[in-house]
Protein chains: 2
Amino acid sequence: MSGFVRKVSGGITAPQGFRAAGIACGIKRTADPDLALIVSEAPAAAVGMFTRNRAVAAPVVWTRKILPTPALRAVIVNSGNANACTGVTGLQDAEAMAAHTADHLSVRKREVAVASTGVIGAPLPMEALLPAIPRLIKGLSRSGGTRAARAILTTDTRTKIRAVETTLRGKRVRIGGIAKGSGMIHPNMATMLAFVTTDAAVEPVFLKDALKEAVEQSFNRITVDGETSTNDMVLILANGLSGVRLGARELRSSGFQTGLNQVCQEMAFDIVRDGEGATKFVTVRVVGGKNENHCLIVARRIAQSSLVKTALFGEDANWGRIMAAAGVAGIPLQPERLDIYFDKVQLVKQGAARGVREEHQASRVLKKKHITITVDLHQGSAAAEIYTTDLSLDYVRINADYRS
Amino acid sequence: MSGFVRKVSGGITAPQGFRAAGIACGIKRTADPDLALIVSEAPAAAVGMFTRNRAVAAPVVWTRKILPTPALRAVIVNSGNANACTGVTGLQDAEAMAAHTADHLSVRKREVAVASTGVIGAPLPMEALLPAIPRLIKGLSRSGGTRAARAILTTDTRTKIRAVETTLRGKRVRIGGIAKGSGMIHPNMATMLAFVTTDAAVEPVFLKDALKEAVEQSFNRITVDGETSTNDMVLILANGLSGVRLGARELRSSGFQTGLNQVCQEMAFDIVRDGEGATKFVTVRVVGGKNENHCLIVARRIAQSSLVKTALFGEDANWGRIMAAAGVAGIPLQPERLDIYFDKVQLVKQGAARGVREEHQASRVLKKKHITITVDLHQGSAAAEIYTTDLSLDYVRINADYRS
């Protein structure tokens, strides 16, 4: 029953029975949209994965409390204000967002998840937010996924919208997602917001396993600046309206997991591409490791090195910085055995430079927008990839000026 | 016998019996000095601390092999080329630097330490370096400390020269130092070059303890960009020419350890002040911790956060980023108990913003060149400090262009 996975349009409103909306309610000083809503016609199984930051924002506290659940009805999301480090008032505000939305939708408070993203430490302007909820609900539509995708953005320069469909037992099953993120992007949980919908029917316990696998392969493999936010959250809602019920075994063998992985990975790549000030999409591939975890550790250390990232911005094939970053990753390695490639150009063989010709070839590779750095540890046969960006002048500009 | 510690001039040539020189031999494309030599008239006890990077440069391999020793005579240092990731040739080149210097000084090869700093991965231009050694030796003088200090610089914008003296048993004892470093500066060993001389007589085993303590309080408390180089090295030479011999007990109780700590801390601060592109000197002070290590972990995480550092560059009192960085440090903490201060302005009380007036006051603090961020964990009575810089546009410019 392994189904072929096709891309479709529509994002979170591509699956049956989901409506969405996005409006500007005045949280942002600009007139940009800052309030989004996703509603499922039928109660949806829902699970989430959350930030590992110990400073957890109020909406994360609320949503973690109500999930997992077999019956979520809505997700309300605001941007422009993270409702983080806002104390007891922040917790009350997050709960009030859920309560007001629930009232107007005639569902229960515990059936509404809440997410926020934006500036930390400022109280949420409830006087702007709450009165806008009826208008937000009026705006709900089957084509509202795009507007919702826009309303969850902060420093992002573009929306992240993905959807796929597959056929299971002769029926069409869809998976859609929207995401937000361009800085504070780092492995170990989401480190951004992502909302995934599907019209498959999946028990929360199996849904959690499926989400974990997808997140591990996608959001946990990207890094922009090594930061982990207080607000990170990935939610998935499964409302079953396709009529296809999936148990643990079918999840593995069907196209569902493949499709979910694909939606999450495409959103993760969208986030890297939109990394604050990024001029390059960089795949750091570590091969020849003893195990996958070793490869991930080395790849992450390289992907997080400010010196490697500024060299990439400067289009300088500075492999010495890659070597130095690998050397401090914390796993045993023999630098004199390392090979380093920029795309297919081998710059370093057994820990030493190959020559001037290869340097020139590598310089040409570095002018490209997409670059793969491959490091061969020559210790075994494991491999892993991390996806990142360069560190540009605009990264500093954006983050020096974000609040002012 | 606890002696009063006074600052003196002269750096590494302030203590008796040390001569130094610095010349340009053509390793750097510019005409800047790039070769330095420190010589002791009498055999000096010498110990070192070295990079923890597993990719270890050739000069580190050599110098680690010959230390500790009761009888070092010279240290030769080049800048402009790190002789790192240069394979077998690199090791031969480092040894040849020691051998040639030893020949011309009529000492043994194993009595000459070697250090290098600069670009990684390029072969050392021995054809320029070796013939320059006689001229370097001719330049040796009792006032050559400043020239040596200049010749070990790379992206540094100024020399780091410090010296103190104290009186022990009625005799004058001096400690001098020169250092190099402005990027790749990060705790866990030196992460830069520093050479310390003293005319006290100290057995290598005690000298090692004294150096460890000094480094722990200085170079291991600073961070510029979270990078650890392949070449980091701190050496100390004690030639005994003051006529004062210090055992383990006297080291503790006398002004010697105080003086050594001071020289190392001042050089460490010089390095932070000269951090690549830095516009601020930032002390991150964490108090109220369960133990010092917890405080250090939190302080380092804050000091290494790109988001905190860009906010400081933007003079934005963005305490939310400080909270978020503390939250991912990896130690248990209660964000709702945290207090945060910019200098004496308390911005955050029990995890929440205090108000607009404090924001304004903090904004004024941020216009200063020296800022202390204090975070009170309210878990105990331990405290620790880490010293760092902001992350500026110039950091990116310098590191994007370093080789080109």
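This is a short tutorial dialogue on reading a predicted model of two chains, A and B.

Student: Before I look at any geometry, how confident is the predictor in chain A?

Tutor: Start with the per-residue score and then look for weak stretches. This is a predicted model, and chain A averages a pLDDT of 90, with 95% of the residues scoring at least 70. The stretch to watch is residues 186-191 of chain A, where pLDDT stays under 50. The model still gives that stretch 31 contacts beyond four places in sequence.

Student: And which scores go with the complex as a whole?

Tutor: Those are separate numbers: the predictor gives the complex an ipTM of 0.70 and a pTM of 0.80.

Student: How is chain A divided into domains?

Tutor: The domain assignment gives domain 1 (6-271) and domain 2 (281-401). Their C-alpha centres lie 33 Å apart.

Student: What operation superposes chain A on chain B?

Tutor: Look at the angle and the shift together. Here a rotation of 180° with 0.0 Å of shift along its axis does the job, at an RMSD of 0.0 Å. That is the relation of a two-fold axis. If you want a landmark on chain A, pick Leu393(A): its C-alpha comes closest to the rotation axis of the residues in that chain, at 2.8 Å.

Student: Why do the copies meet through the same surface?

Tutor: Compare the two residue lists. Of the interface residues of chain A, 100% are also interface residues in chain B, so the copies meet through the same surface.

Student: How would I describe the size of that interface?

Tutor: The size of an interface is often given as the accessible area lost when the parts come together. For this pair, what we have is a residue count: the contact takes 50 residues from chain A and 50 residues from chain B. On the side of chain A, the elements that give two or more residues are helix 10 (306-313), helix 11 (319-327), strand 16 (352-353) and helix 13 (393-401). Helix 11 of chain A supplies the largest share, seven residues. By class, that side has 22 nonpolar, 19 polar and nine charged residues.

Student: Now the sheets. In what order do the seven strands of the open sheet in chain B run?

Tutor: Read across the sheet, from one edge to the other. The order is 10-18-13-17-14-15-16 in chain B, and the pairing is mixed. Strand 10 (222-223) and strand 16 (352-353) of chain B each have a single partner strand, so one side of each is left without a neighbour in the sheet. For a parallel pair inside it, take strand 13 (residues 281-289) and strand 17 (residues 370-376) of chain B, joined by seven bridges. There, Val282(B) stands opposite Ile371(B).

Student: What about strand 3 and strand 4 of chain B: parallel or antiparallel?

Tutor: Antiparallel: strand 3 (residues 35-50) and strand 4 of chain B are joined by seven bridges, and Ile38(B) stands opposite Val75(B). In a regular strand the side chains alternate between the two faces of the sheet. Strand 4 (residues 69-81) of chain B is mostly covered, with 10 of its 13 residues buried.

Student: Last one: is Leu140(A) buried or partly exposed?

Tutor: Count neighbours. Leu140(A) has 19 other C-beta atoms within 10 Å, while buried takes 20 or more, so Leu140(A) is partly exposed. You'll find Leu140(A) in the loop between helix 4 (133-138) and helix 5 (145-151) of chain A. Beyond four places in sequence, Leu140(A) touches Arg19(A), Ala20(A), Ala21(A), Leu37(A) and Val39(A). Leu140(A) and Ala36(A) are 104 residues apart in sequence, but 9.5 Å apart in space, C-alpha to C-alpha.

Key
Residues numbered from 1 in each chain as written. Chains lettered and ligands numbered in written order. Predicted model: local features only at pLDDT ≥ 70, side-chain atom pairs only at ≥ 80, totals over all residues. pLDDT = per-residue confidence, 0-100. Contact = placed C-beta atoms within 7 Å. Domains from an automatic or database assignment. Least-squares fit on C-alpha atoms with pLDDT ≥ 70 in both. Helix = DSSP H or I, 4+ residues; strand = E, 2+ residues; numbered from the N terminus. Nonpolar A, V, L, I, M, F, W, Y, C, P; charged D, E, K, R; others polar. Buried ≥ 20, exposed ≤ 12 C-beta atoms within 10 Å, placed from the backbone. Pairing = 2+ DSSP bridges.
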